[in-house]
Number of protein chains: 2
Amino acid sequence: MRGVEDGLIVVKVGGAEGIDYEAVVEDAATLWKKGQKLILVHGASAETNRVAEALGHPPRFLTHPGGMTSRLTDKKTLEIFNMVYAGKMNKYLVELFQKRGVNAVGMSGLDGRIFEGKRKKAIKYVENGKVKIHRGDYSGSVERVNKELLSLLLEHGYLPVLTPPAVSFEGEAINTDGDVAAARVAEAFQAAALVYLSNVPGLLERYPDETSLIPKIPAAEVEAFMRFAEGRMKKKVLGAAEAVRAGVRRVVFADARVPSPITRAIAGRGTVIE
Amino acid sequence: MRGVEDGLIVVKVGGAEGIDYEAVVEDAATLWKKGQKLILVHGASAETNRVAEALGHPPRFLTHPGGMTSRLTDKKTLEIFNMVYAGKMNKYLVELFQKRGVNAVGMSGLDGRIFEGKRKKAIKYVENGKVKIHRGDYSGSVERVNKELLSLLLEHGYLPVLTPPAVSFEGEAINTDGDVAAARVAEAFQAAALVYLSNVPGLLERYPDETSLIPKIPAAEVEAFMRFAEGRMKKKVLGAAEAVRAGVRRVVFADARVPSPITRAIAGRGTVIE
């Protein structure tokens, strides 16, 4: 049976500098009006840093033993995080859709337990070459997606606009990686495509040389391309291969600084993993 | 036919100082688990003032020719408003529900066009005894409620937690009066009760003497009680009588600084308009 979800596209738009949100929403709205069902997941990291600075609670990041970094999320940081992700950015995007006649519904992972996972209170990090443990953090990884609620909204003509935080199994708000959350949504729906839009054109062979774009990576050969990925991109590419193995037809890393970024990504402009 | 909405209670909890939100949610969660369907609408005015000050964009209020005041809402104020109402306060309340095992869904009036109304760009106000006009404001009054979406959520076991802003007919986010929005929701559902919780026990004959509580006002005689109401309370009481005339069974103004505030209000502790 082909349902309303068949051919669903999940778009994750990052929260980094330079992203043209109006172009992303314009394109999503155009596709939606043509009958393309989609779910938008967004970040807001750069803006959260700005607001946290302005409120006198500057952001702090932990470097993990593996080299990755993550935001230290105490209770006050989580409040600011909620304000910017679920308040400012989420409602800004919903408003852009409403102005274009698309009935978007903005929700965080807390709402209806859309993004559910385990809170990881103790986090290992490296400081002055030593591994230390930060306790009491409000963060965790999305393990379960409330597909029923998202389907209900899609079936009734609402475009879901989703954002961290997630909810812990105990009901606490937790900071979570938006890229992983988007992958879990795409997997739950066995999506036709998962599109990651950011301020780079995709995975680059010689970062930051944008002419060195890698156009295609077979999911089975993803390890061979790891040497080109740095920092967060490494995690993104590994997550993408995992999503493909979990049933997402393809994942595209593409540019969000251009017109029609989603349409371009679906047409293969970017790095395609399948 | 008696549906899931029969006997629905709409609770509006204000954003003033002194309100015990944990007590409100604890009571709402207990009622919900007993099968009582309800919708919570909230404000966040005091916290919005604090954040606006901290961000260097202090709140400004306009005094209208009739004596009422309202928040001057320019684009920057609306952003802060969204952060605090839809981000901080809405997610705080949703989290309190999730911690108690109630699957709440927090949404602003923008989401799914839950609160829709006309943007009022030009606002008359009084300054130094002269009537002036402020243009370019982002505010307006709720005229339509998306009952279909709220019913859908209730039918599937989700407790809606709603907040301003509303959405204009053109799709813009607009600051709106939460009391009026709650009344429109209660009217749309022909609610069994509309409960206004704030930091006073109800309408007082001799404000602020809390022993002078007026226990009951027949909706038809509301004008006779207007002399006891001041400022925002005047608007609240008139709105309550209007809601009763529009089919809401009763409206109760009650205290949100006590345990079990909703249960108490439904039991008639407060000022009942019916």
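**View 1. Ala104(B) of strand β5(B) stands opposite Leu159(B) in β10(B).** Let's start with this pair in a predicted model, where local features need pLDDT of at least 70, side-chain atom pairs count only at pLDDT 80 or more, and totals for chains, interfaces and linings use all residues. Residues are numbered from 1 along each chain as its sequence is written, and chains are lettered from A and ligands numbered from 1 in the order in which they are written. Strands β5 (residues 104-108) and β10 (residues 159-163) of chain B run parallel, joined by five bridges; strands pair if DSSP finds at least two bridges between them.

**View 2. Strand β5(B) is largely enclosed by the rest of the structure, because five of its five residues are buried.** Buried here means that 20 or more other C-beta atoms, placed from the backbone, lie within 10 Å of the residue's own. Ala104(B), Gly106(B) and Ser108(B) point one way, while Val105(B) and Met107(B) point the other way.

**View 3. Helices α1 (residues 21-33) and α3 (residues 75-99) of chain B cross at roughly 45°, with axes that come within 10 Å.** The contact brings Tyr21(B), Glu22(B), Val25(B) and Ala29(B) of α1(B) to Leu93(B), Leu96(B) and Phe97(B) of α3(B); residues are in contact if their C-beta atoms, placed from the backbone, lie within 7 Å. By class, six of these residues are nonpolar, none is polar and one is charged.

**View 4. Here 31 residues of chain B are in contact with 31 residues of chain A.** On the chain B side, α3 and β5 each supply at least two residues. The largest share, 12 residues, comes from α3(B).

Note on methods. Axes fitted to C-alpha atoms, helices over the stretch in contact; angles between N-to-C directions. Helix = DSSP H or I, 4+ residues; strand = E, 2+ residues; numbered from the N terminus. Contact = placed C-beta atoms within 7 Å. Nonpolar A, V, L, I, M, F, W, Y, C, P; charged D, E, K, R; others polar. Buried ≥ 20, exposed ≤ 12 C-beta atoms within 10 Å, placed from the backbone.
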